[in-house]
Amino acid sequence: MRFTVCQIRKDRNTEKAAMDARILGEVDPVFFLAAYDEVAAIEADTLDEVFEIGNIGPEEKIKRFDFQPMHSISVGDVIRDDRGRCFVVAPLGFERLGA
């Protein structure tokens with residue numbers, strides 16, 4: 001399955017909504033649409049596997065996009081599955097965006 005990794009653009013990092021995302025794993029859907037970019041696609045079977053690959057590899061399962069470099073997957077990042085569902089990386093596990 002192909003997952004898309006979305007991360008906060010560097011120019012939006014200092015906003016309160018960005019801090020809430022990165023510390024608490026709370027992502028406002030409007031902030032997501034305005035402040036996140038797709039940074040990579042990862043071939044994996046589960047969200048847990050996406051998290052692992054996004055942090056330790058293997059690199060050949062990651063297709064990095066050129067317009068913004070991807071950092072390791074962490075709290076506040078959003079992972080979209082191939083059905084269009086978005087999941088926020090939470091301090092413990094994953095939360096469905098907008099749920």
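Trainee: I'm looking at helix 3, so which of its residues are exposed, away from its buried side?

Mentor: Asp48 and Ile56 are the exposed residues on that other side of helix 3, and please keep in mind throughout our chat that we are looking at a predicted model.

Trainee: And which residues of helix 3 are buried?

Mentor: Helix 3 runs over residues 47–56, and its buried residues are Leu47, Val50, Ile53 and Gly54. Because these four cover an arc of only 120 degrees around the axis, they lie on the same side of helix 3.

Trainee: Why would residues that are not next to each other in sequence point the same way?

Mentor: An α-helix has 3.6 residues a turn, so residues three or four places apart point the same way.

Trainee: Which strands do those buried residues pack against?

Mentor: The buried residues of helix 3 pack against strand 1 (2–8), strand 2 (36–43) and strand 3 (62–64), and also against strand 4 (78–80), strand 5 (86–89) and strand 6 (94–96).

Trainee: Where does Glu52 sit, and is it buried, partly exposed or exposed?

Mentor: Glu52 belongs to helix 3, and since its relative accessibility is 47%, Glu52 counts as partly exposed. If you want to relate Glu52 to another part of the chain, look at Ser72, which is 20 residues away in sequence and whose C-alpha atom is separated from that of Glu52 by 9.4 Å.

Trainee: What happens with the backbone just after helix 3?

Mentor: There you find Gly57, which takes a positive phi of about 90 degrees, and the peptide bond that leads from Gly57 to Pro58 is cis, with omega near 20 degrees. Pro58 itself is placed in the loop between helix 3 and strand 3. As background, most residues other than glycine have a negative phi, and most peptide bonds are trans.

Trainee: Changing topic, how many salt bridges are there?

Mentor: The count comes to 8 salt bridges. The general idea is that side chains of opposite charge can pair when their charged atoms come close.

Trainee: Which residue does Arg85 pair with, and how far apart are the N and O?

Mentor: Arg85 meets Asp81 in a salt bridge, at 2.6 Å from N to O. Arg85 is partly exposed, because its relative accessible area is 27%, whereas Asp81 is buried, with a relative accessible area of 6%, which is under 20%.

Trainee: What about Glu59, which residue does it meet?

Mentor: Glu59 forms a salt bridge with Arg64, with 2.7 Å from N to O. Glu59 has a relative accessible area of 43% and is therefore partly exposed, and Arg64 is partly exposed as well, at 37%.

Trainee: Which residues are linked in a network of salt bridges?

Mentor: Arg9, Asp11 and Asp37 are linked in such a network. Within it, the side chains of Asp11 and Arg9 meet at 3.4 Å, N to O. Asp11 is exposed, with a relative accessible area of 57%, while Arg9 is partly exposed at 21%.

Trainee: Okay, now the nonpolar side chains: which ones form a patch on the surface?

Mentor: Met19, Ile23 and Leu24 do, and together this nonpolar patch has about 290 Å² of accessible area. Ile23 lies in helix 1, which covers residues 16–24, and because its relative accessible area is 56%, Ile23 is exposed.

Trainee: Where is Pro91, and which residues is it in contact with?

Mentor: Pro91 is in the loop between strand 5 and strand 6. If we leave aside its neighbours within four places in sequence, Pro91 is in contact with Ile23, Leu24, Gly25 and Val75. Pro91 and Ile23 are 68 residues apart along the chain, and 7.8 Å separates their C-alpha atoms. Pro91 is exposed, with a relative accessible area of 56%.

Trainee: One more proline: where is Pro29, and is it buried, partly exposed or exposed?

Mentor: Pro29 is found in helix 2, residues 29–35, and it is partly exposed, with a relative accessible area of 39%. Its C-alpha atom is separated by 10.0 Å from that of Cys86, 57 residues away along the chain.

Trainee: Last thing, what is the mean pLDDT of the protein chain?

Mentor: The mean pLDDT of the protein chain is 93, and 99% of its residues reach 70 or more. Among the elements of the chain, strand 4 has the highest mean pLDDT, 98, and helix 1 the lowest, 92.

Note on methods
Residues numbered from 1 in each chain as written. Predicted model: local features only at pLDDT ≥ 70, side-chain atom pairs only at ≥ 80, totals over all residues. Heavy atoms only, no water. Patch = residues over 30% accessible without salt bridge, like charges linked within 9 Å, V, L, I, M, F, W, Y side chains within 5 Å. Areas by Shrake-Rupley, 256 points an atom, 1.4 Å probe, with all protein chains shown as cover. Salt bridge = Lys/Arg side-chain N within 4 Å of Asp/Glu carboxyl O. Helix = DSSP H or I, 4+ residues; strand = E, 2+ residues; numbered from the N terminus. Buried < 20%, exposed > 50% of the residue type's maximum accessible area, 1.4 Å probe, protein only. Arc of directions from axis to C-beta. Contact = heavy atoms within 4.5 Å. pLDDT = per-residue confidence, 0-100.
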